[in-house]
Amino acid sequence: MRFLTFFLVLSTSIFAQNNYPKDYFRLPLDVPVQLSGNFGELRPNHFHTGFDFKTLQREGLEVHAVADGYVSRIKMSPYGNGKAIYITHPNGYTSVYCHLQNANAEILDYIHKAYYKEKAFEIELFLKPHELPVRKGQVIAFSGNTGSSQGPHLHFEFRDSQTEKIINPLLFGFDKEIRDTKKPLISALYVYPVEDQTVVNQSKRPLLLSLSLQKDGTYLATSVKANGKIGFGITAEDYDNVSYNKNGVYKVQTYLNGKESFGYQLDTYSFDEMRYINALIDYPKYKQTYQRVQKLFMKTPYPLSIIKTDATNGVIDVKPNLASVYRIEVSDFFGNLNVITVPITYDLTNPIVEKEVVHSDYFVKVAKDNIFTKDNMSVFLPAGTFYDDFDMNFNVKGNTLYMGDDAIPVQSNFTISITDDSYTDEQKEKVFIADIDSRGRVGYNYTWVKGNVFSAKVRTLGKFKLATDTTPPSIAITSSVEGKWISKQKTIQLSISDSGSGLKSYNGYLNGNWILFEYDYKTRKITHDFSDGIVAEGANDLKVIVIDNVGNSSTFETHFFRSQQ
């Protein structure tokens with residue numbers, strides 16, 4: 001533990017000392033800067049990795065290279081970042097542009113050649129420096145709404161080209177483009193009993209504390225009376241002067257009796273540590289209320305590099321005859337500061353509110369491998385699967401495995417195995433381990449079979465059972481073209497979906513030749529643009545084949561006529 005604490009303190013001090021170029025990069029857009037998301041903002045299972053620039057609520061804005069360099073990577077996907085372009089710069093950094101509508105003509109031509117070479121829409125390309133060089137200010141693409149974007153915007157990142165660590169764009173001088181005179185807002189303060197025997201303000205459960213505004217602009221919290229070990233958590237967000245929406249805070253630092261206790265500053269971090277956001281926040285509360293409470297302590301240490309902590313990991317041991325003053329400072333990149341002071345005293349009053357009881361015969365130890373078995377079902381939990389030790393509900397009823405619930409955060413994959421000898425070899429191909437949500441909906445998990453044992457790696461707790469999918473996917477054309485002349489039609493579009501195991505692949509063919517269909521998972525539609533030049537003069541035969549995750553397939557065929565004149 002001493003080594004981990006030393007590592008956290010050391011790593012924080014190292015990256016805080018880096019000097020980033022302030023005037024090397026320009027903005028990627030020509031419109032005034034407004035953010036719909038900032039660096040480090042708390043998102044599901046990850047910290048936000050860059051800036052979300054607003055694009056006037058529309059698509060098609062010119063996106064510029066922020067400096068000289070070359071297109072080093074291109075990733076096209078219906079999910080995540082959607083259509084994305086990466087530019088590597090000679091000064092050691094890479095800029096990333098995501099959710100694009102399309103690339104410029106030169107880059108788009110390169111991408112289309114790759115589509116047809118790979119015979120796939122979802123591709124990832126790594127380029128050499130001489131293939132697609134770009135100049136600072138050059139239009140490289142147009143803003144869009146592709147991938148998991150929930151509205152038109154440009155997601156933009158800076159990365160260290162060597163380490164792939166993500167870096168706050170404000171460190172590169174982008175702070176000059178944003179006016180911010182507003183303090184971060186701390187909307188809630190919670191106190192947590194860290195040990196089972198701890199009582200705080202007559203409760204063995206977390207409590208919301210009242211805050212009162214002081215004349216100097218700081219806040220004073222309700223006095224905390226406790227015995228044993230406690231910790232604190234806050235709900236906080238930040239605002240600037242022009243964006244008019246809440247963003248994440250930049251820095252949090254706590255002090256116990258004037259000494260630094262626990263804090264973090266959002267300058268840089270790696271993709272490998274993203275999921276530790278679920279350890280930083282009060283995950284059960286988030287799952288129940290969608291409120292993200294940032295915990296200012298670690299019950300069990302975890303290696304999130306942004307955290308700087310003392311030897312207690314932010315946990316406060318309230319002892320007799322010792323009053324303490326706890327201070328929380330929350331600030332943005334521009335130095336706007338909000339402060340809360342919390343008086344802490346020792347108290348032995350009996351609890352009125354007892355700790356919530358979990359009835360379970362199973363106890364998970366974080367530092368050890370755990371194997372639980374009942375009837376025909378077993379679970380293997382490698383060491384480090386979770387963040388804290390806990391009592392877990394584990395049971396088998398009928399054909400369903402009940403394992404905790406999704407309010408318990410999971411860091412890494414674990415394995416579920418179910419033995420069932422009732423299936424023939426042919427039937428096994430259509431069987432998978434399904435997770436069942438609160439509405440009874442079935443979710444697919446990749447499943448492998450060895451003899452009569454079905455196994456899958458999953459990353460959430462909940463309900464699981466074997467499910468069978470023998471229903472093929474559905475395909476429907478948006479507007480019928482059967483036997484019609486469609487010379488004025490620029491695209492052809494179909495809807496594809498699967499209600500069982502989910503879609504695995506789709507392929508379209510025009511007169512026997514593979515053609516590109518772009519998939520939008522938000523609308524469940526695939527679209528082919530005739531500008532690709534594959535369509536023939538006169539008669540054309542179209543075939544689309546869709547396959548789900550267990551091999552069921554559907555084929556759609558039609559024919560139409562088109563003139564290229």
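For sorting residues here, Ala, Val, Leu, Ile, Met, Phe, Trp, Tyr, Cys and Pro count as nonpolar, Asp, Glu, Lys and Arg as charged, and the others, Gly among them, as polar. With that split, the lining of the largest pocket comes out as 22 nonpolar, six polar and 14 charged residues. Keep in mind that this is a predicted model.

**The largest pocket**
- The space inside is about 1600 Å³.
- Its lining takes in 42 residues, and Asp 282, Pro 284, Lys 355, Glu 356 and Phe 390 sit nearest the centre.
- Strand 15 (185-193), helix 3 (277-280), helix 4 (283-289) and strand 32 (390-392) each give two or more residues to that lining.
- Helix 4 gives the most, with four residues.

**Nonpolar cores**
- The largest core holds 112 residues, and Phe 47, Phe 53, Ile 140, Val 224, Ile 230 and Phe 232 have the most contacts inside it.
- Strand 20 (residues 224-237) is the top contributor to this core, with six residues.
- There's also a second, separate core of 27 residues, including Val 366, Phe 390, Val 396 and Val 458.

**Strand 31 and its partners**
- On strand 31 (residues 377-381), Met 377, Val 379 and Leu 381 point to one face and are buried, while Ser 378 and Phe 380 point to the other and aren't.
- Strand 30 (residues 370-374) pairs antiparallel with strand 31 over five bridges, and Ile 371 has Phe 380 as its bridge partner.
- These two strands make a hairpin with two residues between them, where Asp 375 in the turn has a positive phi of about 50 degrees.
- Strand 31 also pairs antiparallel with strand 35 (residues 414-419), over four bridges; here Val 379 stands opposite Ile 416.

Methods: Residues numbered from 1 in each chain as written. Predicted model: local features only at pLDDT ≥ 70, side-chain atom pairs only at ≥ 80, totals over all residues. Heavy atoms only, no water. 1 Å grid on protein atoms, 1.4 Å probe; cavity = no way out; pocket = protein on both sides within 12 Å on 5 of 7 lines; lining within 4 Å. Points joined across faces, edges and corners; volume = space filled by probe spheres on them. Core = buried A, V, L, I, M, F, W, Y, C linked by side-chain atoms within 4.5 Å. Buried < 20%, exposed > 50% of the residue type's maximum accessible area, 1.4 Å probe, protein only. Pairing = 2+ DSSP bridges.
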